[in-house]
Amino acid sequence: ILFTPPRYRASSTILLTPRSGLGTTGLLLSQVAGIGSGPSAETELEVIASRPNLEQVIRRLDLDMRPEDLRKRVSLMHPKLTDVVKVSAEGDTAKQAADIVNTLVDAYLADQERRYYEETGTAAGDVKRRLAEIERQLEAKEREIADWLRASGMAMPHEEMEAAVQSLAKAVQEEQYTRLE
């Protein structure tokens with residue numbers, strides 16, 4: 001025990017939030033439909049301690065160790081039935097332990113933010129493409145109805161409305177012209 005260097009431990013807590021590229025609406029729909037809106041907590045544990053995040057910690061803190069060695073100093077705990085993950089890290093000093101855990105959490109959160117914006121952009125693009133497709137289908141149906149009405153010899157409501165508006169505008173102009181005389 002006398003020859004064992006002291007180890008310090010620091011911890012941080014992360015609240016896992018369900019993600020959906022469609023925001024709150026997507027989250028509600030996924031809950032109603034009974035499908036998940038994002039990765040499981042176990043998946044998130046793996047992401048937190050992923051090699052890219054560990055490499056970022058090593059780079060930012062200028063640590064002289066490999067990602068595998070740093071991973072041995074990091075522990076993750078996810079209490080069941082919660083959306084909380086406890087991240088702990090050991091260091092040679094209290095400051096080093098705190099720096100490791102804080103940098104690891106920051107790297108994870110930055111990665112989550114980047115992924116969220118990518119997913120949101122993808123979902124928004126998908127919605128826009130689907131909306132454009134639906135608008136094209138609607139325009140095609142409107143043309144089909146207009147062609148059918150013309151072929152049937154029926155007047156189209158919007159054409160009748162335009163004719164009524166034009167005749168009303170003409171009557172107003174004539175009345176104004178008469179008043180000016």
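Start by selecting the hairpin of β2 and β3, where six residues lie between the strands, and click on L81: this residue takes a positive phi near 65°. Strands here are DSSP runs of E with at least two residues, helices are runs of H or I with at least four, and both are numbered from the N terminus. This is a predicted model, in which local features need pLDDT of at least 70 and side-chain atom pairs count only at pLDDT 80 or more, while totals for chains, interfaces and linings use all residues. Residues are numbered from 1 along each chain as its sequence is written, and side-chain values use heavy atoms, leaving out hydrogens and water.

**The sheet**

Now colour the two hairpin strands. β2 and β3 run antiparallel and are joined by four bridges; two strands pair if DSSP finds at least two bridges between them. Look for L76, which stands opposite V87 in β3.

Next, add β1. Eight bridges join β1 to β3 (residues 84-91), and these two run antiparallel as well. Here R9 faces E90 of β3.

Zoom out to see an open sheet of three strands in the order β1-β3-β2, with antiparallel pairing. Why is one side of β1 (8-15) and of β2 (74-77) left without a neighbour in the sheet? Both stand at the edges with a single partner strand each, so one side has no neighbour there. On average, neighbouring strands of this sheet are turned by 20° against each other, direction ignored.

Select residues 41-48 next: this is helix α2, which packs on the sheet and touches β1, β2 and β3. Contact means heavy atoms within 4.5 Å. The direction of α2 makes about 25° with that of β3; axes are lines fitted to C-alpha atoms, for helices over the stretch in contact, and angles run from 0 to 180 degrees between N-to-C directions.

**Two crossing helices**

Show α3 (residues 51-61) and α5 (residues 94-152), whose axes come within 9 Å and cross at roughly 125°. That makes α3 oblique to α5, since angles under 35 degrees count as roughly parallel, over 145 as roughly antiparallel, 65 to 115 as roughly perpendicular and the rest as oblique.

To see the contact, display side chains including L54, V57 and L61 in α3, and I100, L104 and Y108 in α5.

Finally, follow α5 along its 59 residues: from first C-alpha to last it reaches 86 Å, close to the 87 Å expected at 1.5 Å a residue. The expected span is 1.5 Å times one less than the number of residues. Stop at G153, just after α5, which takes a positive phi of about 80°.
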